[in-house]
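Biologist: Before we talk about any assignment, could you show me the structure and then tell me how each term is justified?

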Amino acid sequence: GISVPEDLIPNVYIVKYKHEIGKLKQQVKATFSEIALPINLNLAGLKHLNRLDYVLASRALNQHSEFDEALLADCDGNIIEGIVHNLFFIHQKDIFTPDLTQSGVDGIMRQLILKKLKQEGKKVRIGHYSKADVLSADEVFLCNSVQGIRPVIRLQRQEYDIGPITQQLQQDYS
């Protein structure tokens, strides 16, 4: 229920399943999800247990075998992230990543990449971006702490080369 007793002793559950190592560092073919993420200032940036939107997006993605991942937008149409990845894209050597202050998960790998790029003196533009912004990029990559940095080679019908910034970050975090 909603009213949880303060003296509650939590239970810990562990789920064990086979991890598919072959998918690590794999190139990604992505699409845009029809599932919109809610704007929630209380939970934005956090990984939490209310992940039903991501479950629905994952189920919808399973209907499209040609795609490995789906990018989710918030209810205002701003691209936020993938189902299990954070998003970066590059336009003419400028690096962009969505603002996660209203929706999405500020993942560990995303934080490491932002810190590294800042230490190298590279500017990353964090903001609100549309599908068109991502589709017009020169490079697109996704990241998370389990699968590392995964280059997007196709988004919808748009194809991408694995660019130098993505390649360098893959080397740095291999």
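Modeller: Let us begin with contact, which here means heavy atoms within 4.5 Å; please also bear in mind that this is a predicted model.

Biologist: With that cut-off, which residues does Thr-31 touch, not counting residues up to four places away in sequence?

Modeller: Thr-31 touches Leu-61, Phe-67, Glu-69, Ala-70, Leu-71, Leu-155 and Gln-156, once residues up to four places away in sequence are set aside. Thr-31 itself lies in strand β1, which covers residues 28-37.

Biologist: Why is Thr-31 called buried?

Modeller: The relative accessible area of Thr-31 is 10%, and buried means under 20%, so Thr-31 is called buried.

Biologist: What makes strand β5 mostly covered?

Modeller: Strand β5 spans residues 94-98, and 4 of its 5 residues are buried.

Biologist: How do you know that β4 and β5 pair?

Modeller: Pairing requires at least two bridges between the strands, and β4 (residues 86-91) shares 3 bridges with β5 in the antiparallel sense, so the two strands count as paired. The bridge partner of His-91 is Asp-94 in β5, and in the hairpin of these strands, which has 2 residues between them, Gln-92 takes a positive phi near 45°.

Biologist: How do you know that β5 and β6 pair as well?

Modeller: The same requirement of at least two bridges applies; β5 and β6 (residues 124-127) are joined by 4 bridges and run parallel, so they too are paired. Here the bridge partner of Phe-96 is Arg-125 in β6.

Biologist: Which elements make the right-handed β-α-β unit?

Modeller: That unit is made of β5, helix α2 (residues 108-119) and β6.

Key
Residues numbered from 1 in each chain as written. Predicted model: local features only at pLDDT ≥ 70, side-chain atom pairs only at ≥ 80, totals over all residues. Heavy atoms only, no water. Buried < 20%, exposed > 50% of the residue type's maximum accessible area, 1.4 Å probe, protein only. Right-handed = clockwise from strand over helix to strand, strands pointing away.
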